[in-house]
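Student: Could you pick one part of this structure and give me a close look at it and its surroundings? Please include the cut-offs behind each term.

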Amino acid sequence: MCFLLYGCGGGGGGGGGTTITPTNSIDITSPAAGQIHQGNTTAQVTWTSQGTVGNLLIELSVDGGASFSTLANETTNDGSEIVNLPDTRNTNCAIRLSEIG
């Protein structure tokens, strides 16, 4: 399995000419882009976060990010989680982390 990486954290948008700089962020550190994993095994997902980031949702896409399924729901933001990978052969996979709530 090959992984493209996405990280979604707290953020903001701007309007009326105001720019808001996100103070919360999540950066995936593992698996690395292009890393290959066997299906039907476990893998360690690691990340760093800045700001006040709560519990996280970890998701997997096997279609390049068009849709995602849950690997870990409401995991503690402690920088690491072991997840179960599905039995699939695909080189267009992506991991996404996002803050819950």
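Tutor: Here is a short setting of the scene, followed by a close look at one charged pair and what lies around it.

First, the ground rules. This is a predicted model, in which local features need pLDDT of at least 70 and side-chain atom pairs count only at pLDDT 80 or more, while totals for chains, interfaces and linings use all residues. Numbering starts from 1 along each chain as its sequence is written, and side-chain values use heavy atoms, with hydrogens and water left out.

The protein chain has seven strands and zero helices, where both are DSSP runs numbered from the N terminus: E of at least two residues for a strand, H or I of at least four for a helix. Read from the N terminus, the order is β-β-β-β-β-β-β. Of the 101 residues, 31% are buried; buried is under 20% relative accessible area, exposed is over 50%, and partly exposed is in between, with a 1.4 Å probe and protein chains only. Contacts here are heavy atoms within 4.5 Å. Among contacts between residues at least 6 apart in sequence, 68% join residues at least 24 apart. The chain exposes about 5,700 Å², with 44% of that supplied by carbon and sulfur atoms; these areas come from the Shrake-Rupley method with a 1.4 Å probe, and for residues only the protein chains shown count as cover.

Now to the charged pair. A salt bridge requires a side-chain nitrogen of Lys or Arg within 4 Å of a carboxyl oxygen of Asp or Glu, and by this rule the count is one. The partners are arginine 96 and glutamate 59, at 2.9 Å from N to O. They link distant parts of the chain: glutamate 59 belongs to strand 4 (residues 56–61) and arginine 96 to strand 7 (residues 93–99), with their positions 37 residues apart in the sequence.

Are the two partners buried or exposed? Glutamate 59 has 9% relative accessibility, so it counts as buried. Arginine 96 has 25%, so it counts as partly exposed.

Arginine 96 has a further partner in phenylalanine 68: it lies over the face of that ring, at 3.8 Å from the ring centre. The rule places a charge over a ring if NZ of Lys or CZ of Arg is within 6 Å of the ring centre and within 35 degrees of the ring normal. Phenylalanine 68 also touches glutamate 59, whose contact list, leaving out residues up to four places away in sequence, includes Phe68, Ser69, Thr70 and Leu71, together with Ala94, Ile95, Arg96 and Ser98.

One of those contacts, Ile95, leads inward. Isoleucine 95 sits in strand 7 and, with a relative accessible area of 1%, counts as buried. The C-alpha atoms of isoleucine 95 and leucine 71 are 9.2 Å apart, for a separation of 24 residues along the chain. Isoleucine 95 is also among the residues with the most contacts inside the largest nonpolar core, a set of 16 residues; the others named are Val45, Trp47, Ile58, Val83 and Leu97. Such a core is a set of buried Ala, Val, Leu, Ile, Met, Phe, Trp, Tyr and Cys residues joined through side-chain atoms within 4.5 Å. Strands 2, 3, 4, 5 and 7 each supply at least two residues of this core. From valine 45, contacts beyond four places in sequence reach Ile95 and Leu97, as well as Ile58, Val83, Ser30, Pro31, Gly79, Ser80 and Glu81.

Two of those contacts, Ser30 and Pro31, point to a backbone detail. Serine 30 and proline 31 are joined by a cis peptide bond, with omega about 10°, and proline 31 is in the loop between strand 2 and strand 3.

Finally, another glutamate is worth a look. Glutamate 74, in strand 5 (residues 69–75), has phi near 60°, a positive value in a residue other than glycine. Most residues other than glycine have a negative phi, and most peptide bonds are trans. Glutamate 74 touches Asn55, Leu56 and Ile100 beyond four places in sequence, and its C-alpha atom is 5.3 Å from that of leucine 57, 17 residues away along the chain.
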